[in-house]
Amino acid sequence: MKPIVTLTLNPAIDGACETELVRPTHKIRTRGDRYDPGGGGINVARVVAELGGPACAVYLAGGATGDVFDELMAERRLPGNRVPIAGHTRISLTVFEQSTGQEYRFVPEGPEVSPGEWLECLSVIDRLDFDWLVISGSAPRGLPADCFVTLVHRARDRGARVVLDSSGPALAATLDAGGLTLIKPSHGELRALTGLALEDVSEIAEVAREIVESGRSEIVAVTMGHEGALLASREATLFRAPPSVPVRSATGAGDSFVGAMVLALAEGRGVRSAFLLGMAAGSATVMHPGTGLCQRADVERLHAGLAAH
């Protein structure tokens, strides 16, 4: 099996910590500080590797923080290809407030990417050998809204499958171009994409099926947080509630869903089984605080429970 290639155009050094109370003006003393290489595609690659699959993460990184990002990748032995950029890689921060159980997430917009840096990124992708490409995360400043369309066309021309997990104009433009294997919008992202309220599962299912039937994406998986997730494909439409787990943090749950589902599809599993593995990985991730993602034993246990019903 060839490595699953993930692309992260706007990665981040993900910091996470805990404190008793978040309040203005005062210094906030934190505990349990940790730092992870983050961003959508990076998290997808981390989950693929955790579940025993091969992954190769392509990412844009620059400045002093770009070097720190490389160190974090090396510490986790995560194979990657860095595309150097002039701008500094962003640093995000997640703070868990113990007194309320609330989580605060601070996410900078990140650096601007030049046309030359974008062309180098395309060149790196062209040189890799893969059957699956996962484009995950936000598009950085400086790139056109249709930047993902170029990637989809190049990958499809070589017979590869393309998965997109993004939002906003980049998602809309790429979806309109068609040719995608899987998209995974959240409930809110699907609302923003369609301009519809989508207040119940039947409305979500109708929109997801329309995307599949129009040929824009073969599979649509909509994550709905604590309510569950919905799958639409030509084979079936399925809604499942999530397993009951202790919730510590939602950070990275959607990325974990994508990583597990894509790995299962790449291994030749059926769409339903892949969907349930994605749900298991997303649920396993919320069990861990901050930027900690799922652990394989938890994913396998939760998947067994979902598959049994």
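How many bridges join strand E11 to strand E12, and in which sense do the two strands run? Select residues 217-223 for E11 and residues 229-233 for E12 in this predicted model, and you will find that five bridges join them and that they run antiparallel. If you then pick out Thr-223, its bridge partner in E12 is Ala-229. In general, strands of a sheet pair through backbone hydrogen bonds, either parallel or antiparallel.

**The nine-stranded sheet**

From this pair, widen the selection to the sheet in which both strands stand, an open one of nine strands with mixed pairing, whose order is E5-E4-E1-E8-E9-E10-E11-E12-E13. At the edges you will see strand E5, residues 80-85, and strand E13, residues 237-240; each has a single partner strand, so one side of each is left without a neighbour in the sheet. As you follow the order across, the twist averages 15 degrees from one strand to the next.

Next, show the helices that pack here. Helix H8, residues 253-266, packs on the sheet and touches strands E1 (4-8), E8 (132-136), E9 (161-165) and E10 (180-183) as well as E11 and E12, and its direction makes about 170 degrees with that of E8. Helix H2, residues 63-75, lies across E5 and strand E4 (55-62), running at about 160 degrees to E4.

**The four-stranded sheet**

Keep H2 selected, for the helix also lies across E2, E3 and E6, where it runs at about 95 degrees to E3. These three strands belong to an open sheet of four, with mixed pairing and the order E3-E2-E6-E7. Its edge strands are E3 and E7, each of which pairs on one side only, and here the twist from one strand to the next averages 15 degrees.

Go through this sheet pair by pair. E2 and E3 are antiparallel and share six bridges; to place yourself along them, select Ala-16, whose bridge partner in E3 is Arg-34. Strand E2, residues 12-19, pairs with E6 in the parallel sense over eight bridges, and Gly-15 stands opposite Leu-93 in E6. E6 is then joined to strand E7, residues 102-106, by five bridges, with the two strands running antiparallel, and among these partners are Glu-97 and, in E7, Gln-102. In the hairpin that E6 and E7 make, four residues stand between the strands, and Gly-101 takes a positive phi near 80 degrees.

Is strand E6 largely enclosed or largely open? Colour residues 90-97 by accessibility: six of the eight are buried, so the strand is largely enclosed by the rest of the structure.

**A pocket and a cavity**

Now turn to the second largest pocket, which has a volume of about 240 Å³. Thirteen residues line it, and those closest to its centre are Arg-46, Glu-50, Arg-76, Leu-293 and Cys-294. Strand E3 (31-38) and helix H1 (40-50) each supply at least two residues of the lining, and the largest share, four residues, comes from H1. By type, the lining of this pocket divides into six charged, five nonpolar and two polar residues.

Leave Arg-46 and Leu-293 selected, because both are also among the residues that line the largest cavity, together with Asp-14, Asn-43, Thr-251, Gly-252 and Thr-291. A search of the whole structure finds one cavity of 30 Å³ or more, and about 30 Å³ of space lies in the largest cavity. Its lining is made up of four polar residues, two charged and one nonpolar.

**Two residues to finish on**

Which residues, apart from neighbours within four places in sequence, are in contact with Asp-298? Select Asp-298 in helix H10, residues 296-307, and display Ala-284, Met-287 and His-288, which are its contacts once those neighbours are left aside. Asp-298 has a relative accessible area of 15%, which is under the 20% limit, so the residue counts as buried.

Finally, select Pro-169 in helix H5, residues 168-177. With a relative accessible area of 60%, over the 50% limit, Pro-169 counts as exposed. Add Pro-144 to the selection: the two prolines are 25 residues apart in sequence, and their C-alpha atoms are 9.3 Å apart in space.

How values were computed: Residues numbered from 1 in each chain as written. Predicted model: local features only at pLDDT ≥ 70, side-chain atom pairs only at ≥ 80, totals over all residues. Heavy atoms only, no water. 1 Å grid on protein atoms, 1.4 Å probe; cavity = no way out; pocket = protein on both sides within 12 Å on 5 of 7 lines; lining within 4 Å. Points joined across faces, edges and corners; volume = space filled by probe spheres on them. Nonpolar A, V, L, I, M, F, W, Y, C, P; charged D, E, K, R; others polar. Pairing = 2+ DSSP bridges. Axes fitted to C-alpha atoms, helices over the stretch in contact; angles between N-to-C directions. Contact = heavy atoms within 4.5 Å. Buried < 20%, exposed > 50% of the residue type's maximum accessible area, 1.4 Å probe, protein only.
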